[in-house]
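Subject: Handing over a structure, with notes

Dear colleague,

Please find below the structure that I am passing on to you, followed by an account of what was found in it. I would be grateful if you could read the notes with the structure open beside them.

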Amino acid sequence: MSTEAGTKVDAGAIAKPFREEIQRKVKELKELGIEAPLLVGLLANDDPAALKYAEWTGRACQADGLRYELRKIDDPINVEQALRDANNDVRVHGVIVYYPIFGAVPSYSGSSRDDYLRDTVSHEVDVEGLCHHYRSNLYQNIRYVDAPRCEKKCVLPCTALSVVKILESIEQAYDNSKPIGKRMEGKVVTVVNRSEIVGRPLAAMLANDGANVFSVDIESIYCFEGSSGRLRKCSEEDENLEACVRKSDIVVTGVPVKGYRIPIEWIQPGTVVVNVASFKNVDETELLKIPGVVYVPMVGKVTVAMLERNLMRLFENFHHPEIRKKKLGYETTKLIENGDTGKPWYGSPIQLYTAVAVTSLIALTMMKR
């Protein structure tokens, strides 16, 4: 165990290589005469965090050569139509909706209108990875959208993915020498947030990598057991927030309340602490006095990099699959060598009609027998 004071991590340094990769891909597209992917943002509120996120997104896209279009909607009731228009617009490769719009207000669509909107985003343009299709795959640990070919990787929720990428860069959090799915074996993680945007998907992602994860919200604590894949509800007698934090190698805080603080005495030496909330959920000065602690005060820059990464993945998966195939090494000559010329087996429509007619007659004869 280190006896040195804690270390503060700059998220910008972690985001840099991901953004450089996007810049390289945009340059390659330009050389091929293909326009860069277009991301459309839908903004229908005055929430400061949403406005800031929209601003960051626009700046990052411009800096990295991606196209970005912010569509402001005066009346929230019109967001669904604007979203469907973006889904159906062939020029659009990615869509992000800046929440909250309706918040948790009950509606005819279900317990939350915002949840309904998330599921309305097409999986072919969902850069946030929050629609039902991607969430369902995540919770089943299905990593591809085209199984069993397994060529198109799923898109994962941006903020949760940013935390994973940050942890991957920290030696004491991830063991990259182990195979995928086991790189956090033996680690205990507490995630103080269970929103559908951050906490819930993050807990599943870390458990999918082998960790035991305590998922905490104001009403309950659940444990995702990475080794067995089991999910269980913790009893109040056995587990509480303090007990979870004290035994954790990694603590992720995402409480959107200005006055909330995790007591410093709960944090053990050598713990990795990641703050996802817009407010600091720990006393930074006191935290960095704890030996061996690694502290990440914000994840926004990595989140935007993951947003760009997801956009490029959607672009290659659904809008320009020839780029993905080229990356995977597909060549026309390979198909021909395998007996697949890409041409139909029949020489003319008459041959096709004759084959269908003969097959039908044989089937009818067999049925009569």
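Throughout these notes, buried means under 20% relative accessible area, exposed means over 50%, and partly exposed lies in between, with a 1.4 Å probe and protein chains only. The model is a predicted one, in which local features need pLDDT of at least 70 and side-chain atom pairs count only at pLDDT 80 or more, while totals for chains, interfaces and linings use all residues. Residues are numbered from 1 along each chain as its sequence is written, and side-chain values use heavy atoms, with hydrogens and water left out.

The chain has 369 residues, of which 45% are buried, and its secondary structure comes to 13 helices and 11 strands (DSSP runs numbered from the N terminus, helices being H or I of at least four residues and strands E of at least two). If a contact is taken as heavy atoms within 4.5 Å, then among contacts between residues at least 6 apart in sequence, 61% join residues at least 24 apart.

One sheet is open and made of three strands in the order β3-β2-β4, with parallel pairing; two strands pair here if DSSP finds at least two bridges between them. Because β3 (67-72) and β4 stand at the edges with a single partner strand each, one side of each has no neighbour in the sheet. Strand β2 (residues 38-43) is joined to β4 by five bridges, and Leu 43 stands opposite Tyr 98 in β4. Helix α3 (residues 79-88) packs on this sheet, where α3 touches β2, β3 and β4 and its direction makes about 165° with that of β4 (axes are lines fitted to C-alpha atoms, for helices over the stretch in contact, and angles run from 0 to 180 degrees between N-to-C directions).

After β4, the peptide bond from Tyr 99 to Pro 100 is cis, with omega near 0°, and Pro 100 lies in the loop between β4 and α4. The loop between α5 and α6 holds Pro 148, and the peptide bond that leads to Pro 148 from Ala 147 is cis as well, with omega near 10°. In that loop is also Asn 141, whose phi is positive, near 60°, although Asn 141 is not a glycine; Asn 141 is partly exposed, with a relative accessible area of 35%. Cys 150, found in the loop between α5 and α6, has a positive phi of about 55° and is partly exposed at 37% relative accessibility.

Helix α7 is mostly covered, since nine of its 10 residues are buried, and these buried residues pack against α5, α6, β5 (188-192), β6 (212-216), β7 (221-225) and β9 (250-253). Just after α7, Gly 210 takes a positive phi of about 105°.

With best regards
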